[in-house]
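Dear colleague,

Please find below the sequence and the structure that I am handing over to you. My notes on what was found in it come after.

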Amino acid sequence: MSATETNSLQLSDYQLRTLEENFTKVSKHPDEATLMLIAAECGLSQEETQKWFQLRNAKWRQAEGLPPQLGSVLD
């Protein structure tokens with residue numbers, strides 16, 4: 001996911017690595033407390049972090065052949 005795909009959210013390599021690592025190893029749908037910790041680690045706002053996860057989830061679901069929004073099929 002490039003910076004242009006995150007609607008002008010400019011991410012450093014470290015931020016992107018941290019977000020991707022949390023997405024793949026921790027949770028595709030982090031709860032509020034986890035989201036807050038990830039945001040703090042990346043130096044982003046909780047809203048920016050949540051938006052990144054929403055966009056990344058849509059991209060993952062598309063790659064898996066699922067609808068872009070969470071529906072009746074659980075990840």
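The notes below begin with the whole chain and then turn to its parts.

Please keep in mind throughout that this is a predicted model.

The chain as a whole

The chain contains three helices and zero strands. Read along the sequence, its pattern is therefore written α-α-α. Of its 75 residues, 29% count as buried. The accessible surface of the chain is about 5,000 Å², and carbon and sulfur atoms account for 52% of that surface. If one takes the contacts between residues at least 6 apart in sequence, 52% of them join residues at least 24 apart.

Helix H2 and its two sides

Helix H2 runs over residues 32–42, and its buried residues are Leu35, Ile38, Ala39 and Cys42. Why do these residues lie on the same side of H2? They cover an arc of only 100° around the axis, which places them on the same side of the helix. The general rule behind such a pattern is that an α-helix has 3.6 residues a turn, so residues three or four places apart point the same way.

The other side of H2 carries Met36, Leu37 and Ala40, which are exposed. As for the buried residues of H2, what covers them includes helix H1 (13–25) and helix H3 (46–63).

Both ends of H2 deserve a look in the viewer. At the N-terminal end, Asp31 acts as a cap: one of its side-chain oxygens lies 3.3 Å from the backbone nitrogen of Ala33. After H2 comes Gly43, which has a positive phi, near 75°.

Thr49 in helix H3

Is Thr49, a residue of helix H3, buried or exposed? Its relative accessible area is 0%, and a residue counts as buried under 20%, so Thr49 is buried. Which residues is Thr49 in contact with, leaving aside its neighbours within four places in sequence? The contacts are with Leu19, Leu35, Ile38, Ala39 and Leu44. Among these partners, Leu35, Ile38 and Ala39 also belong to the buried residues of H2 described above.

The aromatic rings

The structure holds three aromatic pairs. One of them is formed by Phe23 and Trp52, whose ring centres are 6.2 Å apart and whose planes stand at 90°, an edge-to-face arrangement. This pair links distant parts of the chain, since Phe23 is in helix H1 and Trp52 is in helix H3, 29 residues apart. Phe23 and Trp52 are both buried.

Phe23 also pairs with Phe53. Here the ring centres are 6.2 Å apart and the planes are at 45°, so this pair is tilted. It too links distant parts of the chain: Phe23 lies in helix H1 and Phe53 in helix H3, 30 residues apart. Both Phe23 and Phe53 are buried. Taken together, ring pairs join Phe23, Trp52 and Phe53 into a cluster.

Lys28 belongs in this part of the account as well. It lies over the face of Phe23, at 5.2 Å from the ring centre. The charged end of Lys28 also sits over the ring of Trp60, 5.0 Å from the centre of that ring.

When you open the model, I suggest beginning with H2 and its buried residues, and then turning to the cluster of Phe23, Trp52 and Phe53.

With kind regards

Conventions
Residues numbered from 1 in each chain as written. Predicted model: local features only at pLDDT ≥ 70, side-chain atom pairs only at ≥ 80, totals over all residues. Heavy atoms only, no water. Buried < 20%, exposed > 50% of the residue type's maximum accessible area, 1.4 Å probe, protein only. Helix = DSSP H or I, 4+ residues; strand = E, 2+ residues; numbered from the N terminus. Arc of directions from axis to C-beta. Contact = heavy atoms within 4.5 Å. Polar contact = N/O pair within 3.5 Å; in protein donor to acceptor, adjacent residues only side chain to side chain. Phe/Tyr/Trp six-rings, centres within 6.5 Å; stacked < 30°, edge-to-face > 60°. Lys NZ or Arg CZ within 6 Å of the ring centre and 35° of its normal. Areas by Shrake-Rupley, 256 points an atom, 1.4 Å probe, with all protein chains shown as cover.
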